Amino acid sequence: MKNFITAALVFVSLVAFAQQQYYLTADRVFDGEVMHEGWAVLVQGDKIISTGAKDKVVAPANAIKINYPNSTLTPGLIEGHSHLLLYPYNVTDWDTQVLKESDSYRTARATVHAKNTLMAGFTTARDLGTEGAGYSDVALKRAINEGVILGPRLMVAGRAIVSTGSYGPKGYDSDQQIMLGAEAADGNDLIRVVRDQIGKGADFIKIYADYRWGINGEDQPSFTLEELKLINEVTRSSGRVIVCHAKSKEAIKRAVLAGAETIEHGDFIDVEIGKLMKEHNVTYIPTIAAVDMINQYRGWKKGTLPEPAAVTNKKKSFKEAIASGVTIGMGGDVGVFPHGENVLELELMVEYGLPVMDALKACTSINAKAFHLEKQVGSIKEGLKADILVVTGDPSKNISDLRKVKLVIKDGIIYRQEK
Ligand SMILES: [Zn+2]
């Protein structure tokens, strides 16, 4: 009986804890669409229960009131393209990570990457493939959900799919069987591989729709339109969607016509292909930071040496994407550069010509909608999950203010609180 009472008391106190109310105020509240001054946000348990002008949202007597002067409150940010199982290539090159490091070692590192992502204010992340670490992302997601380790809410790809011959590591003696950074499949075998990946925990299917295997090393399509359609049909029948790595115009076109929901990288997008994406409600995830950082790793001294052609091209195609009116989400291919430095992508999006408010929307409401999470996260709205970031300053004036983290809340739990 005594044990029962103790258990009951613990249960009651847990419920009381879960129902703790926080009344948060800051100079500004970005709700995912619009910046408001003089707003308050009331959180109870894991939900936002009220939001609006301070005089309309009254603080309940027992709520913990926290005011953040000279600060902005935003939804928890959403990273659209991460690789938690990778870390910067200037530390260890990609081939070595894929070929020589065990999945266990890589997962150990990934737990720290996940924590750094959350602490940077990214409460949700879509992870785009383990690059040779099997389904470690599925395990990572489980450990985060169970509260074993700290990290963002994850949507994961698992192994991802490439066509035979089109992916790396490459250039090794063909007498050796070299493991790939993704799972190779072609033709009707794609049916089995898609189903297998879903069965092993993929939340969506990631396809490499092209690869730099052109005769001069240029990006050329890997799958036929028919293959992509087949992948899409099998994936959709499980209630999931396909997302495509595609840089060349032809691969983007095939991916869009086959039913992909997001296009990753899109280095050669122009106005025409951007319009096609727009017509098909496809969201563009630019990964500018990966291009920028890879070129720096190759020796480009930014600001002193002339801009490499790949960077110039990326600026041009990003401008064309903006001009086409395609929906632009946010995803940096983080992992190529350090986890926790995710804001770099937003800084480059603004530097390359995206209005700063559009960058803020990209990493909140736009990504939420693109990933079908808009009823849970990405906005400061009554009924949504209490995923909240507070930063010093005003990121609508200076996007880098997103780095000045003061408070991170995910699912109503405070994970970071600076004095
Ligand atoms: Zn990637």
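## A three-stranded sheet

In this predicted model, an open sheet is built from 3 strands arranged in the order β6-β7-β8, and their pairing is parallel. The strands β6 (77–82) and β8 (153–156) occupy the edges; each has a single partner strand, so one side of each is left without a neighbour in the sheet. On average, neighbouring strands of this sheet are turned by 15° against each other, direction ignored. As background, strands of a sheet pair through backbone hydrogen bonds, in either a parallel or an antiparallel manner.

The pairing of β7 with β8 can be followed in detail. Strand β7 (residues 122–127) is joined to β8 by 4 bridges, and the two strands run parallel. Residue D127 stands opposite V156 in β8. A helix also packs on this sheet: α4 (residues 136–145) touches β7 and β8, and the direction of α4 makes about 160° with that of β8.

## The packing of helices α8 and α10

Two packed helices are described by the angle between their axes and by the distance between the axes. For helix α8 (residues 271–279) and helix α10 (residues 309–324), the packing angle is about 45° and the axes are 8 Å apart. Because an angle that is not under 35 degrees, over 145 degrees, or from 65 to 115 degrees counts as oblique, α8 is oblique to α10. The crossing in which α8 passes α10 is right-handed.

Which residues make the contact between α8 and α10? Helix α8 contributes V271, G274, K275 and K278, while helix α10 contributes E320, A321, A323 and S324. By character, the residues of this contact divide into 3 nonpolar, 2 polar and 3 charged.

## Two domains and their contact

The domain assignment of the protein gives domain 1, which comprises 2–75 + 381–417, and domain 2, which comprises 77–370. The C-alpha centres of domain 1 and domain 2 lie 31 Å apart. The contact between them takes 18 residues from domain 1 and 20 residues from domain 2.

On the side of domain 1 that touches domain 2, the elements giving two or more residues are β5 (64–75), β19 (405–410) and β20 (413–417). Strand β19 provides the largest share of this side, with 3 residues. In character, the residues on the side of domain 1 that touches domain 2 divide into 9 nonpolar, 4 polar and 5 charged.

Methods
Residues are numbered from 1 along each chain as its sequence is written. This is a predicted model: local features need pLDDT of at least 70, side-chain atom pairs count only at pLDDT 80 or more; totals for chains, interfaces and linings use all residues. Axes are lines fitted to C-alpha atoms, for helices over the stretch in contact, and angles run from 0 to 180 degrees between N-to-C directions. A crossing is left-handed if the near helix is turned anticlockwise from the far one by less than a right angle, and right-handed if clockwise. Two residues are in contact if their C-beta atoms, placed from the backbone, lie within 7 Å. Ala, Val, Leu, Ile, Met, Phe, Trp, Tyr, Cys and Pro count as nonpolar, Asp, Glu, Lys and Arg as charged, and the others, Gly among them, as polar. Domain bounds come from an automatic or database domain assignment. Two strands pair if DSSP finds at least two bridges between them.
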